[in-house]
Amino acid sequence: MLKIIKYLKSGLALSAIVAMSVGLSSGAVAAADEEKEDDKKEGQRVVKVDCNKGDDVQDVLDQYVFETKILVLIIEGKCELEEPVEVTRNNVEFVGAGPYEQRGHISGLLDVQGGRGVYIGDNMILDNLNVEYGQVFLDAGEGTITINVGLGVNYQSVLTIGAEDSAGSVVVNPAINLINQSLLLIQPDENASDGSVTTGNINASLQSAIRIRAASIGDMNLGSDSHAYFDSDVANSGEGLVTLGCDDDHSRYWGVLDETVFDVDNTVCIGM
């Protein structure tokens, strides 16, 4: 639960941007009242949200929207949403209560609107994640993260998938879409070799950038002066070779394309 502190101290995502130029339910109230002294000393507020008992994620976020402590939400059960959950404050962690039937499942849209240092942790299922003007980390730790319906990274946002000490798995389907000077980093740390990241297609447009050190990916398309950098540990998440396309002469890729992974003969993109 101290992942955010590590990320904020490292400044990894912000450095990468410069380099690449781009009302609580009763159950939740009771949990908040039982906050441990150790959590207070570490600048955290830990709240359990048991959606099986009717707790509401948005109510908790609204209750602590102006608090400066790191807000750790331990999600249990399937949270059926009538409206999107909006995250507008900084430094929020979503962590599942445990594996298997204890996994936290936000069924609907988790919408990060300007929140920075938002952390999606292990044993979480999201149907849909959208980030605008925000900074989000997906780190499965020793567990799993699954996104079922899609992921959008928009308007100068940063999404980092994977971390140095993560040995879990992250699966994003069916696609990741980046728009308007946004940045995607997948397994950026060279020591993050034990974890796995699998995505569907990745699309970037309007001066967005992608850095993939290690992942299994689907097809990729770059447009409107967008760029991608590939390290050697990139694999194909589908049955055929990865198709890489660029919609304009200003969109380009860096790195060597592995012919066993990429459809090199049909790549319509300028390499550097």
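**View 1. Strand E13 pairs with strand E15 in a parallel arrangement.** In this predicted model, three bridges join E13 to strand E15, residues 220-222, and the two strands run parallel. One bridge partner can be named here: Ala204 is matched with Leu222 in E15. Strand E13 also pairs with E11, residues 169-179; nine bridges join the two, and they too are parallel. E13 itself spans residues 196-205. On the E11 side, Val172 stands opposite Thr199 in E13. In a regular strand the side chains alternate between the two faces of the sheet.

**View 2. The protein chain as a whole.** The secondary structure comes to five helices and 19 strands. Of the 272 residues in the protein chain, 53% are buried. The chain exposes about 12,100 Å², and carbon and sulfur atoms supply 47% of that area. The count of salt bridges comes to five; three of them are described in the views that follow, beginning with the pair of Arg45 and Glu67.

**View 3. Arg45 and Glu67 form a salt bridge.** The side chains of Arg45 and Glu67 meet at 2.8 Å, N to O. The pair links distant parts of the chain, with the two positions 22 residues apart in numbering. Arg45 lies in strand E1, residues 44-50, while Glu67 lies in the loop between H5 and strand E2, residues 70-80. Arg45 has a relative accessible area of 15%, so it counts as buried. Glu67 is partly exposed, with a relative accessible area of 24%. Side chains of opposite charge can pair when their charged atoms come close.

**View 4. Lys48 and Glu76 form a salt bridge.** The side chains of Lys48 and Glu76 meet at 3.1 Å, N to O. This pair also links distant parts of the chain: Lys48 belongs to strand E1 and Glu76 to strand E2, and they are 28 residues apart. Lys48 is partly exposed, because its relative accessibility is 37%. Glu76, with a relative accessible area of 13%, is buried.

**View 5. Lys78 and Glu80 form a salt bridge.** The side chains of Lys78 and Glu80 meet at 3.6 Å, N to O. Lys78 has a relative accessible area of 40% and is therefore partly exposed. Glu80 reaches 57% relative accessibility, so it counts as exposed, the cut-off for exposed being over 50%.

**View 6. Acidic residues gather in a surface patch.** Asp56, Asp62, Glu82, Glu83 and Glu86 make up a patch of negative charge on the surface. Among these residues, Asp62 is found in helix H5, which covers residues 57-63. Asp62 is partly exposed, because its relative accessible area is 43%.

**View 7. Four side chains make a nonpolar surface patch.** The members of this patch are Tyr229, Trp254, Ile270 and Met272. Together they form a nonpolar area of about 360 Å² on the surface. Trp254 is found in strand E18, residues 252-254. With a relative accessible area of 32%, Trp254 is partly exposed; patch members need over 30%, so Trp254 meets that cut-off.

Terms used:
Residues are numbered from 1 along each chain as its sequence is written. This is a predicted model: local features need pLDDT of at least 70, side-chain atom pairs count only at pLDDT 80 or more; totals for chains, interfaces and linings use all residues. Side-chain values use heavy atoms; hydrogens and water are left out. Patches are made of residues with over 30% relative accessible area and no salt bridge: like charges are joined within 9 Å, nonpolar side chains (Val, Leu, Ile, Met, Phe, Trp, Tyr) within 5 Å. Accessible areas come from the Shrake-Rupley method with a 1.4 Å probe; for residues, only the protein chains shown count as cover. Helices (H or I, at least four residues) and strands (E, at least two) are DSSP runs, numbered from the N terminus. Buried means under 20% relative accessible area, exposed over 50%, partly exposed in between (1.4 Å probe, protein chains only). Two strands pair if DSSP finds at least two bridges between them. Lys and Arg count as positive and Asp and Glu as negative; His and the chain ends are not counted. The place of a charge is taken as NZ of Lys, CZ of Arg, CG of Asp or CD of Glu.
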